[in-house]
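Here is a short briefing to read with the model open beside you. It goes through the aromatic rings, then a helix, then the cysteines.

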Amino acid sequence: MSKLVGFLSEQELVNEFLQGIHSGISPWGAAATEFDYQSGRTDVIAIGADNQLVAFEAKLTRWKVAVHQAFKNTCFAEESYVVLPKSIAERAYSQCEEFSKRRVGLCYVENSDIVILIQAPRVSPLNMWLNAKAANHIRDNREQLH
């Protein structure tokens with residue numbers, strides 16, 4: 001396990017993030033992984049309060065890449081977040097203007113606890129048909145934890 005980030009892989013980070021979502025403590029409900037759309041693949045999508053669609057881009061270290069990907073996800077999601085290990089998220093937080101400029105939130109996961117450092121603002125997706133497709137993807141592919 002990397003001392004710097006605490007995860008061996010991005011998939012391990014995503015799995016712990018999903019455990020946090022399913023703990024019942026997070027603000028998000030049903031979730032699904034790997035939503036493919038023409039502009040990319042989103043690591044996790046979930047349903048939030050008021051049934052809004054929320055997208056999450058997970059990265060171990062390359063947070064600037066994740067910010068760009070999370071920004072692209074606002075074409076279909078009402079909220080979009082970057083998910084990082086705690087140590088990397090704390091560094092990225094020092095550049096909070098990058099997140100604000102792109103209207104993207106920032107959170108980290110540690111011991112299956114999800115901490116929101118920057119709340120994602122709610123946006124109006126440009127592609128409502130893609131929003132509906134993502135919501136159907138969640139309904140059809142809910143992540144089941146064992």
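This is a predicted model, and the aromatic rings make a good place to start: nine aromatic pairs are counted in it. Two of these pairs are followed below, and both involve tryptophan 28.

**Aromatic rings**
- Phenylalanine 17 and tryptophan 28 make a tilted pair, with ring centres 6.2 Å apart and 45° between the planes.
- This pair bridges distant parts of the chain: phenylalanine 17 sits in helix H1 and tryptophan 28 in the loop between H1 and E1, eleven residues apart.
- Phenylalanine 17 and tryptophan 28 are both buried.
- Tryptophan 28 also pairs with tyrosine 81, this time edge-to-face, at 5.4 Å centre to centre and with 70° between the planes.
- Here too distant parts of the chain are linked, since tyrosine 81 belongs to strand E4 and lies 53 residues from tryptophan 28 in the loop between H1 and E1.
- Like tryptophan 28, tyrosine 81 is buried.
- If you want to see how these rings group together, display Phe17, Trp28, Phe56 and Tyr81, which form one aromatic cluster.

**Helix H1**
- Helix H1 covers residues 10-22, and its 13 residues should span 18 Å at 1.5 Å a residue; the end C-alpha atoms are 18 Å apart, so the expected span and the model agree.
- Phe17 is one of the buried residues of H1, and the others are Leu13, Val14, Glu16, Leu18, Gly20 and Ile21.
- The cover over these buried residues includes strands E1 (31-37), E2 (40-47) and E3 (53-58), along with E4 (79-85), E5 (105-110) and E6 (113-118).
- After H1 comes glycine 24, which has a positive phi, near 90°.

**Cysteines**
- How many disulfides does the structure hold? The count is zero.
- Cysteine 75 is in no disulfide, and the nearest cysteine sulfur, belonging to cysteine 107, is 19 Å away. A disulfide requires two cysteine sulfur atoms within 2.5 Å, so that distance rules one out.
- With a relative accessible area of 15%, cysteine 75 falls under the 20% cut-off and therefore counts as buried.
- Cysteine 96 is in no disulfide either; its nearest cysteine sulfur is that of cysteine 107, 15 Å away.
- Cysteine 96 is partly exposed, because its relative accessible area is 35%, between the cut-offs of 20% and 50%.

Technical notes
Residues are numbered from 1 along each chain as its sequence is written. This is a predicted model: local features need pLDDT of at least 70, side-chain atom pairs count only at pLDDT 80 or more; totals for chains, interfaces and linings use all residues. Side-chain values use heavy atoms; hydrogens and water are left out. Helices (H or I, at least four residues) and strands (E, at least two) are DSSP runs, numbered from the N terminus. The expected span of a helix is 1.5 Å times one less than its number of residues. Buried means under 20% relative accessible area, exposed over 50%, partly exposed in between (1.4 Å probe, protein chains only). Contact means heavy atoms within 4.5 Å. Rings of Phe, Tyr and Trp (its six-membered ring) pair if their centres lie within 6.5 Å; planes under 30 degrees apart count as stacked, over 60 as edge-to-face and the rest as tilted.
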